[in-house]
Amino acid sequence: MPMWFWFFHVVCTFLRFIVHCALALRYWGKGEKVPKVKNPLLLKSAAKLAEEIREGKIKSEDVIHAYMERILEVEPYINATVDQCFSEALDEAKEVDVLIASGRYSKKQLAEEKPLLGVPISVKILIIVKGLRCTAGSLLFKDLRAAEDAPSVALLKKAGAIVIATTNSAEMGMEFETNNILHGKTCNPFDTSKTSGGSSGMSFLIAMHGIKISYNSLSSIISSN
């Protein structure tokens, strides 16, 4: 083998060793784990919640309250949300409960026209939600508030979903972990000393039953269902 090849191989091996050492030092130690889920509403799938809300077995307001309490419980551990729109979400949930109690629509109509009626969702800060910040985790957009919903968010709302929070992201969605100067680092709920990955580290809210459906920048719906 030519000399340049061996030199290149040695340099790459050395750099790989340095990177491994740096990562080991950064994530050394054992952090905390978020508290276990206690409210049974948080253990139901998104589909089950929607079905039971339509059938009047549970109230959307109670579901929103359950998720509010869970978010507030785990947020000090993982720092996953950016904006929490609890008051607005509760108002929407009350309207949902009134609509269902009125009997104006049949269960079949609601299932077809509003399949997510009363179900809480979160939306990543790379995607605009009317009235909420859309910072992309960057100081460049720290004061940016959306004047309207993204088409995808509008469709989710049309289906009856209720936005309860926006969630953190890597800056511009361009890092391997969810960490930025503006909103800080989102931690792993199983061990807060470890990374949550990225750029949609907020999806750990789902893993810990914080949000049943989350909309992220990969144009996909992540659900615990």
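In helix 3, Arg 70 and Glu 73 are three residues apart, a separation of about one helical turn. In this predicted model, the two side chains form a salt bridge whose closest N and O atoms are 2.9 Å apart. The two partners differ in their surroundings: Arg 70 counts as buried, at 2% relative accessibility, whereas Glu 73, at 30%, counts as partly exposed. The pair also belongs to a network of salt bridges that links Lys 38, Arg 70 and Glu 73. Side chains of opposite charge can pair when their charged atoms come close.

The structure holds eight salt bridges. Another of them joins the side chains of Glu 52 and Lys 48, with an N to O distance of 4.0 Å. Both residues lie in helix 2, where four residues, about one turn of the helix, separate them. Glu 52 is buried because its relative accessible area of 9% falls under the 20% limit for burial. Lys 48, with a relative accessible area of 34%, is partly exposed.

A further salt bridge connects the side chains of Arg 133 and Asp 83, at 2.8 Å from N to O. Arg 133 lies in the loop between strand 2 and helix 6, and Asp 83 lies in strand 1, so this pair ties together parts that are 50 residues apart in sequence. Arg 133 counts as partly exposed, at 23% relative accessibility, while Asp 83 is buried, with a relative accessible area of 10%.

The protein chain as a whole contains seven helices and nine strands. Of its 225 residues, 44% are buried. Among the contacts in the chain with a separation of 6 or more, 66% are between residues 24 or more positions apart.

Strand 3 takes part in pairings with two other strands. With strand 1 it is joined by two bridges, and these two strands run antiparallel; in strand 3, Ala 165 is the residue that stands opposite Gln 84. With strand 2 (residues 120-124), strand 3 shares five bridges, and here the strands run parallel. Lys 124 has Thr 167 of strand 3 as its bridge partner. Strand 2, helix 6 (residues 151-158) and strand 3 together make a right-handed β-α-β unit. Strand 3 is mostly covered, six of its six residues being buried.

Helix 4 spans residues 86-102 and has 17 residues. The distance from its first C-alpha to its last is 24 Å, close to the 24 Å expected at 1.5 Å a residue. After the helix comes Gly 103, whose phi is positive, near 70 degrees. The buried residues of helix 4 are Phe 86, Ala 89, Leu 90, Ala 93, Val 96, Asp 97, Leu 99 and Ile 100. The elements that cover these buried residues include three helices, namely helix 2 (46-54), helix 3 (60-78) and helix 5 (107-113), together with strand 1 (81-84) and strand 3 (162-167).

In soluble globular proteins, nonpolar side chains tend to be buried together. The largest nonpolar core of the present model has 26 residues, of which Leu 49, Val 63, Ile 64 and Ile 164 touch the most other members. Helix 2, helix 3, helix 4 and strand 3 each supply at least two residues of this core. Its largest share, seven residues, comes from helix 4. When residues up to four places away in sequence are not counted, Ile 64 touches Ala 89, Leu 90, Ala 93, Gly 118, Pro 120, Ile 162 and Ile 164. Three of these contacts, Ala 89, Leu 90 and Ala 93, are also among the buried residues of helix 4. A second, separate core has 13 residues, including Ile 121, Val 129, Leu 132 and Ala 161.

Conventions
Residues numbered from 1 in each chain as written. Predicted model: local features only at pLDDT ≥ 70, side-chain atom pairs only at ≥ 80, totals over all residues. Heavy atoms only, no water. Expected span 1.5 Å × (residues − 1). Buried < 20%, exposed > 50% of the residue type's maximum accessible area, 1.4 Å probe, protein only. Contact = heavy atoms within 4.5 Å. Core = buried A, V, L, I, M, F, W, Y, C linked by side-chain atoms within 4.5 Å. Pairing = 2+ DSSP bridges. Right-handed = clockwise from strand over helix to strand, strands pointing away.
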